[in-house]
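Hi there,

Here is the structure I promised to send over. Have a look at it first, and my notes follow below.

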Amino acid sequence: MADASFFVGVIGNIISILMFLSPVPTFWKIKKQGSTEDFSSLPYICTLLNCSLWTYYGIIKAREYLVATVNGFGIVVETIYVILFLIYAPKGRRGRTAILAVILDVAILAAAVITTQLAFQGKARSGAVGVMGAGLNIVMYFSPLSAMKTVVKTKSVEYMPFLLSFFFFLNGGVWLLYAVLVRDVILGVPNGTGFLLGAMQLVLYAIYRNGKPSSNNRLEEGLQHEPLISQPNKESHQIREDRPI
């Protein structure tokens, strides 16, 4: 069972790394244009907090080093994304991004670490951190519901790319299997949620894949964030993502 969980965890790491790297084309475009345009920094700031919590969880919980390693990679990547936002965002938005990053990724993270270190010990500590990470994960996993609503309303999958939905489903499924193998309920709940929502997106895609996009029902660019992989565009960048876990 240990060998099986390690194998599944490695696969999950690979998928999660690809998901973390999926916004690279978007940031390459931002760099070339010298502006973040209408893209929002909130998804990346929240993903950075999410990765930080799961890295902390993986460090303090026995035998969860695969969770720590992939989310440690996510911390590096998401930090780069946030820095690029601070460089290329308009002046007013740059200030808001900096304030939000300090509040979520520094203050809240520090409060979570200090509180759990002082108030809990052993399994209770890792459990508390896991609950915080799982809660944030579930919120991020539910973010594509607006896109699903739009698909039903417009009868078109224009704003819900297939690869995005597929890897959303695949990532949740692999980490759910890993959680079952290592008997980690905290890890399983958010990924089970992501797996089910990803499956729902694929069902919608199968139903409406031949629908014609309506020019009268276009989403405002920049409001939908990818949970995780695909050639990202402005409609695919809302809170997700990504976290792989």
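**Aromatic pairs and a nonpolar patch**

The count of aromatic pairs comes to nine, where rings of Phe, Tyr and Trp (its six-membered ring) pair if their centres lie within 6.5 Å, with planes under 30 degrees apart counted as stacked, over 60 as edge-to-face and the rest as tilted. F27 and F85 are an edge-to-face pair, because their ring centres are 5.6 Å apart and their planes stand at 80 degrees. Since F27 sits in helix α2 (residues 24–33) and F85 in helix α4 (residues 65–88), this pair ties together parts that are 58 residues apart in sequence. Helices here are DSSP runs (H or I, at least four residues), numbered from the N terminus. F27 and F85 are both buried, meaning under 20% relative accessible area (1.4 Å probe, protein chains only). Together with Y44 and Y81, they form one aromatic cluster.

W54 and Y57 are also edge-to-face, because their centres are 5.1 Å apart and their planes are at 85 degrees. Both lie in helix α3 (residues 42–60), three residues apart, about one turn of the helix. W54 has 0% relative accessibility, so W54 counts as buried.

On the surface, F6, V10, I14, L18 and Y65 make a nonpolar patch of about 460 Å² (residues with over 30% relative accessible area and no salt bridge, nonpolar side chains joined within 5 Å). Helix α1 (residues 2–21) gives the most to this patch, with four residues.

Please keep in mind that this is a predicted model: local features need pLDDT of at least 70, side-chain atom pairs count only at pLDDT 80 or more, and totals for chains, interfaces and linings use all residues. Residues are numbered from 1 along each chain as its sequence is written, and side-chain values use heavy atoms, with hydrogens and water left out.

Best wishes

Key. Helices (H or I, at least four residues) and strands (E, at least two) are DSSP runs, numbered from the N terminus. Buried means under 20% relative accessible area, exposed over 50%, partly exposed in between (1.4 Å probe, protein chains only). Patches are made of residues with over 30% relative accessible area and no salt bridge: like charges are joined within 9 Å, nonpolar side chains (Val, Leu, Ile, Met, Phe, Trp, Tyr) within 5 Å. Accessible areas come from the Shrake-Rupley method with a 1.4 Å probe; for residues, only the protein chains shown count as cover. A salt bridge is a side-chain nitrogen of Lys or Arg within 4 Å of a carboxyl oxygen of Asp or Glu.
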